[in-house]
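Colleague: I should like to learn how to read helix packing and a chain interface. Please take me through the model.

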Amino acid sequence: MKAGAKRFAARLGALLAVAGSATFMFPAFAFASEESGGIDAILPKMDEFIPMLIAFIVLWIILAKFGWPVFNGMLEKRETNIRENLEKAEAARIESERVLQEYRKQLDEAKAQSAQIVAEAKKTGEAVKADMTEKAQAEAAAIIEKARAAIEAEKKAAISELQGSVADISISVASRVIGSDLSDEEHRKIVERYVNEAGSFNAD
Amino acid sequence: MPTNRLLEKEKVATYASVLLEAAQEAGGQDAVLEIRDQAEQILRIMRTNMDLQSALTDSTYTPEQRATIARGVFASCNSVLTEVLAVMAERGDIELLTRVWNAYCEQLQEKLNVNVVDVTTVVELDDHLREVIKKKAEADLGTNVVLRERVDTSLLGGILMSVGGKRIDASVVSQLENARIVLKQTMDGGEC
């Protein structure tokens, strides 16, 4: 923008310079209207032309001195503003793309993470389930084994008690039979036999 | 200086030897054995009769009162035994009676070469059985033997002999008891 404005100013300057030079180089054309009609109709009259030219030059100088820098400054400012805005827009676009990429990346990560969490939760759930099942089975087996042992112990105790009772009854019956059925003579024979078969007083 | 234990031992030995010598002097071996049996019975009574035991050892009585009690209670026993018990009660030594009796039996064996064997059976012994038992005991002990017979039907049969803390139990009741134990143990270890 700035370069275009400069070019435009340069062209305008050149055009005015050419016009001025032509006026000064060919004054006949400037005073032609005073001498003849025809072409004179379109030629400027010198008494008008000179002041106008001076006024034009003065105006040009004033404009070149004061107006043009302002105009050029505005153009430059506008150019700078537009360029900055474009740069900002570009930066914003790049930033938005970066952010978008980042968000996409984060989204992908979040998805992967959520999938991993779900997978782990599923895995943990399976492990807990398996563990609970195993524990329940072990407990059930222990209870069964305990019950079996208790039953076995009860069975043994009952058998032992029964056998003890049988032994007691047998011995009791034998005692009564021996105590009542043997005569004195038979008792003496038993005593003699026991004395002969008995151990010694000196035995340990 | 002798300790109390040694003093007591000497005292016990003195009581036992006095008793033995006095009994022998008074009536020979029969008196010695009679005193042994009577002392054994007195020990048995004193173990079960706390009043008698406390009366003979009570320090609130004077020594003379304790001697009088002993003479009165044991008046029916052999006079030698009665006098020795009175002296022991007077001196407060009646608690040593068990040890005195044991020492008396030991001295009886040493000095008279006699062992008294307690024989318990279900029926009275006849002469043949006495001879058999005596021969066995003499062979085992290597001394003369005097049998002290007792009948106890709770033995059910067989014989129970004891002498000086040694014992031969050939009674039917103990054999049945052994059989009961063996039977129970065997059954406990077996399968039903």
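Modeller: We shall discuss one helix and then the interface. This is a predicted model, in which local features need pLDDT of at least 70, side-chain atom pairs count only at pLDDT 80 or more, and totals for chains, interfaces and linings use all residues. Residues are numbered from 1 along each chain as its sequence is written, with chains lettered from A and ligands numbered from 1 in the order in which they are written.

Colleague: Which residues of helix α3 (residues 63-73) of chain B are buried?

Modeller: An α-helix has 3.6 residues a turn, so residues three or four places apart point the same way. In α3(B), B:R66, B:A67, B:I69, B:A70 and B:V73 are buried (20 or more other C-beta atoms, placed from the backbone, within 10 Å of the residue's own; exposed means 12 or fewer). Their arc around the axis, taken from the directions to the C-beta atoms, is only 160°, so they lie on the same side of α3(B). B:E64 and B:G72, on the other side, are exposed.

Colleague: How many residues of chain A are in contact with chain B?

Modeller: Contact requires C-beta atoms, placed from the backbone, within 7 Å. By that criterion, 25 residues of chain A are in contact with 27 residues of chain B. α3(A) gives the most to this side of chain A, with 11 residues.

Colleague: At what angle do α4(A) and α6(B) pack?

Modeller: The angle is about 15°, with the axes 10 Å apart. α4(A) is therefore roughly parallel to α6(B), a term for angles under 35 degrees. Among the residues making this contact are A:V191 and B:V132.

Notes: Helix = DSSP H or I, 4+ residues; strand = E, 2+ residues; numbered from the N terminus. Contact = placed C-beta atoms within 7 Å. Axes fitted to C-alpha atoms, helices over the stretch in contact; angles between N-to-C directions. Parallel < 35°, antiparallel > 145°, perpendicular 65-115°, else oblique.
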